[in-house]
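Trainee: Could you take me on a close look at the empty spaces shut inside this protein? I'd like to start with the second largest cavity: what is its volume, and which residues line it?

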Amino acid sequence: MERSQERNGGEGVAGREPGGEGLRLRREIGLWSAVSLMAGCMIGSGVFMSPQGVLVYMGSPGASLVVWAGCGLLAMMGALCYAELSALVPKSGGEYAYILQIFGSLPAFLVIYTFVLLVRPAAIAAVSLSFAEYAVTPFYPGCSLMPQAVLKGVAASCILLLMLVNCWSSRLATMLVNVCAVAKVFSLLVIVVGGAVVLGQGRGHTETFLLAFHNTTQQAGRIGMAFYQGMWSFDGWNNVNYVVEELKNPKQNLVWAVMIAIPLVTSLYLLVNISYLLVLSPNEILSSDAMAVSWGLLLEFLPLTLCCPRNQVLGAWAWLVPLAVVLSTFGSANGMFFGGSRVCYVAAREGHMVLGVTILDHTVESVGDGDVCVGQTVWGQRGRATGAEPSW
């Protein structure tokens, strides 16, 4: 295997690391793909389904918006710290690579098996079940409880499809990340514009902002829980660090990706929450299980909805909100697969996992066995989460 001839992030074939430490993948992730990966992993189902958790714990709309902004600041600080670490330890694998370099082999070994067996599979299984719930909703109108067999089957199909996509081609997986990220941003912009139109028509709950900080909690525990709820929606800010070795010009593009993606997502989250507060009353917000769906049920700004009763979902545009959640969850799960397979690959290269996971398919440029490893573990987690048994 010949070493790549590129320097400082240029393109080249897969080759060995300097010093002969192992193989590496081609650098094919540009700046905008990195931005899409980071933003796409952060924008999941949380901002569509249950952002009222921050409001419940803080007690006031103004304080909840401050918490959302604070969560964005914390995510930015964490991402910049990771960018500094990636400059010192220019390897894929994220925190695994940093712990291995700083604390040694044993802590890194424990981290990677916690990641592979628990953290990442459980997250992908949960996101896939959310995907399944919203994907099958149009086929069961008026049904509050979906058939569990159908939900499990759709979630399993989502997992298998994403595993196959990531096994087949890294380029295809990156393209899917980009498409889903654009769709997510567009979906959030629909909610933002809807709130602006409602405000312009004078039908918004503007009284909510007159006493924006009334009844704000002073309890440290509740404030901490509010930040915990908010940070869940920012999870994924570190995914680009899992693929640093595939990033073009990583010392510049990683920092630029952080500086573009996190402020973009934070701004969208703030505007989306303001739209929720304008369209929904406080009681409707606190009683909602899926905020974006409740927002769609009450919004009547499109001309097509003028002939519809008040409690229909955007009239003829009823499919927008479920589709937005489906795209968000599918894109987030794909980003988790994309980053998770690279962590398995790096761990195997360091001798902490089965050596076969380091196999690279140069014809499709993917980490096939790494994706299979993640996919099998996720399948097992899905079985434990839903009461089913793995099939091997």
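Mentor: The second largest cavity has a volume of about 50 Å³, and keep in mind that we're looking at a predicted model here. Its lining is made by Ile 29, Ser 33, Leu 37, Ala 173, Thr 174, Val 177 and Phe 338. Two elements each put two or more residues into that wall: helix H1, running over 31-42, and helix H8, running over 170-200. H8 is the top contributor, giving three residues. As for chemistry, the lining splits into five nonpolar residues and two polar ones, with no charged residue.

Now let's set that beside the largest cavity, which holds about 80 Å³ of space. Ten residues line the largest cavity, and the ones nearest its centre are Pro 51, Leu 55, Ser 64, Asn 273 and Leu 277. Here three helices each supply at least two lining residues: H3 (52-58), H4 (61-88) and H10 (250-279). H10 gives the most to this lining, with three residues. Sort the wall of the largest cavity by type and you get seven nonpolar, three polar and, once again, no charged residues.

And how do we find such gaps at all? Rolling a probe the size of a water molecule over the atoms shows where empty space is left. If you only count cavities of 30 Å³ or more, this model has three. So much for the tour; try finding H8 on your screen and follow it to the second largest cavity, where H8 supplies three of the lining residues.

Note on methods: Residues are numbered from 1 along each chain as its sequence is written. This is a predicted model: local features need pLDDT of at least 70, side-chain atom pairs count only at pLDDT 80 or more; totals for chains, interfaces and linings use all residues. Side-chain values use heavy atoms; hydrogens and water are left out. On a 1 Å grid over the protein atoms alone, a cavity is a set of points where a 1.4 Å probe fits but cannot get out, and a pocket is an open set with protein on both sides within 12 Å along at least five of seven lines; lining residues have an atom within 4 Å of a point. Grid points are joined across faces, edges and corners, and a volume is the space filled by probe spheres set on the points. Helices (H or I, at least four residues) and strands (E, at least two) are DSSP runs, numbered from the N terminus. Ala, Val, Leu, Ile, Met, Phe, Trp, Tyr, Cys and Pro count as nonpolar, Asp, Glu, Lys and Arg as charged, and the others, Gly among them, as polar.
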